[in-house]
Amino acid sequence: MDQLSGALPVSDTTYVSFSVDAENYAIGVGVVTEIIRFNPEGLTEVPELPRFMRGVLNLRGKVFPVMDLRLRFGLDPIPYSDRMVVLVVSVGDQTTGLIVDAVSEVIRITPKEIEPAPLWKRADATGLVRGMGKRSDGSVSILLDVAKLVCDYKGEVPAGPADGGMEQS
């Protein structure tokens, strides 16, 4: 796994923007410790995990779980590609890798540019969306609550095939 970025500036208005299934998401840069290229051969599968937890990675001696956000969001699996990356995030003492389709850029979104999370939540929604960030180009980034994303599995997506339907390319 190759590191794609070094230290990032930390600010309450700075976010790492990334895509999953052509949707634009963002998480606060303060929780991102690094961004690495995803190599599915580096994953060690662990039994009895939710299907969106793909296993663990050993990165420079630190072993941590890896979550496929596509599966976490209940989307159909796709074959892994060399464009996919892992956002390594730390919340408290929990380090987790998030497999995403691609990282776009580091962006600034001020509190004035954030709309509340939509009110159309389903009864089983987990509250993963913190808000909607309006960007200067007119697009919207879905701002995720990383703590709920990596630490709260109560809203687990329905189980699929035992292998999660993932093919490796």
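# A Guided Tour: From the Cavity Outward

The largest cavity has a volume of about 40 Å³. It is a suitable first stop in this predicted model. Select Asp68, Arg70, Met84, Ile99 and Asp101, which are the closest to the centre of the cavity among the 11 residues that line it. Next, colour helix 1 (69–72) and strand 7 (94–100); each of these elements supplies at least two residues of the lining. By type, the lining is made up of eight nonpolar residues, three charged residues and no polar ones. The structure holds one cavity of 30 Å³ or more.

## The whole chain

Now display the full chain as a cartoon. How many helices and strands does the chain have? There are two helices and 11 strands. Followed from the N terminus, the order is β-β-β-β-β-α-β-β-β-β-β-β-α. The chain has 169 residues, and 43% of them are buried. Among contacts with a separation of 6 or more, 59% join residues that are 24 or more positions apart. A surface representation shows an accessible area of about 9300 Å², with 50% of it belonging to carbon and sulfur atoms.

## The nonpolar cores

Select Phe18, Ile27, Leu69, Leu87, Val89, Leu98 and Leu149. Within the largest nonpolar core, which has 25 residues, these touch the most other members. To see where this core comes from, colour strand 1 (14–20), strand 2 (23–28), strand 3 (32–37), helix 1, strand 6 (85–91), strand 7, strand 11 (140–144) and helix 2 (146–151), each of which supplies at least two of its residues. Which element gives the largest share of this core? Strand 6 does, with four residues.

Then select Phe38, Leu57, Val66 and Tyr80, which are included in a second, separate core of 12 residues.

Return to Phe18 and show its surroundings. Setting aside neighbours within four places in sequence, Phe18 is in contact with Glu23, Asn24, Tyr25, Ala26 and Ile27, and also with Leu69, Leu87, Val100, Ala102, Val103, Ser104 and Leu144.

## Two buried residues in contact

Select Ser141, which is in strand 11. Is Ser141 buried or exposed? Ser141 is buried, because its relative accessible area is 0%, and the cut-off for a buried residue is under 20%. Leaving out residues within four places in sequence, the contacts of Ser141 are Asn24, Ala26, Ile107, Ile109, Gly131, Met132, Gly133 and Arg135. Add Ile27 to the selection: Ser141 and Ile27 are 114 residues apart along the chain, and their C-alpha atoms are separated by 9.4 Å.

Move from Ser141 to Ile109, one of its contacts. Ile109 is in the loop between strand 8 (102–108) and strand 9 (114–116). Although it belongs to a loop, Ile109 counts as buried, at 0% relative accessibility. Apart from residues up to four places away in sequence, Ile109 touches Thr13, Tyr15, Ile114, Gly133, Lys134, Arg135, Ser141 and Leu143. The C-alpha atoms of Ile109 and Met132 are 9.9 Å apart in space, and the two residues are 23 apart in sequence.

## Loops with a positive phi

Most residues other than glycine have a negative phi. Two loop residues are worth selecting in this respect. Asp21, in the loop between strand 1 and strand 2, has a positive phi, near 55°. At 38% relative accessibility, Asp21 counts as partly exposed. Arg60 lies in the loop between strand 4 (53–59) and strand 5 (62–68), and its phi is also positive, near 50°. Where Asp21 is partly exposed, Arg60 is exposed, with a relative accessible area of 63%.

## Two final stops

Select Ser81, in the loop between helix 1 and strand 6. Ser81 is partly exposed, at 30% relative accessibility. Measuring in the viewer from Ser81 to Ala102 gives a C-alpha to C-alpha distance of 10.0 Å, for residues 21 apart in sequence.

The tour ends at Asp12, in the segment before strand 1. Why does Asp12 count as exposed? Its relative accessibility is 76%, and exposed residues are those over 50%. Select Pro111 as well: Asp12 and Pro111 are 99 residues apart in sequence, with 8.9 Å between their C-alpha atoms.

Methods:
Residues numbered from 1 in each chain as written. Predicted model: local features only at pLDDT ≥ 70, side-chain atom pairs only at ≥ 80, totals over all residues. Heavy atoms only, no water. Buried < 20%, exposed > 50% of the residue type's maximum accessible area, 1.4 Å probe, protein only. Contact = heavy atoms within 4.5 Å. Areas by Shrake-Rupley, 256 points an atom, 1.4 Å probe, with all protein chains shown as cover. 1 Å grid on protein atoms, 1.4 Å probe; cavity = no way out; pocket = protein on both sides within 12 Å on 5 of 7 lines; lining within 4 Å. Points joined across faces, edges and corners; volume = space filled by probe spheres on them. Nonpolar A, V, L, I, M, F, W, Y, C, P; charged D, E, K, R; others polar. Core = buried A, V, L, I, M, F, W, Y, C linked by side-chain atoms within 4.5 Å.
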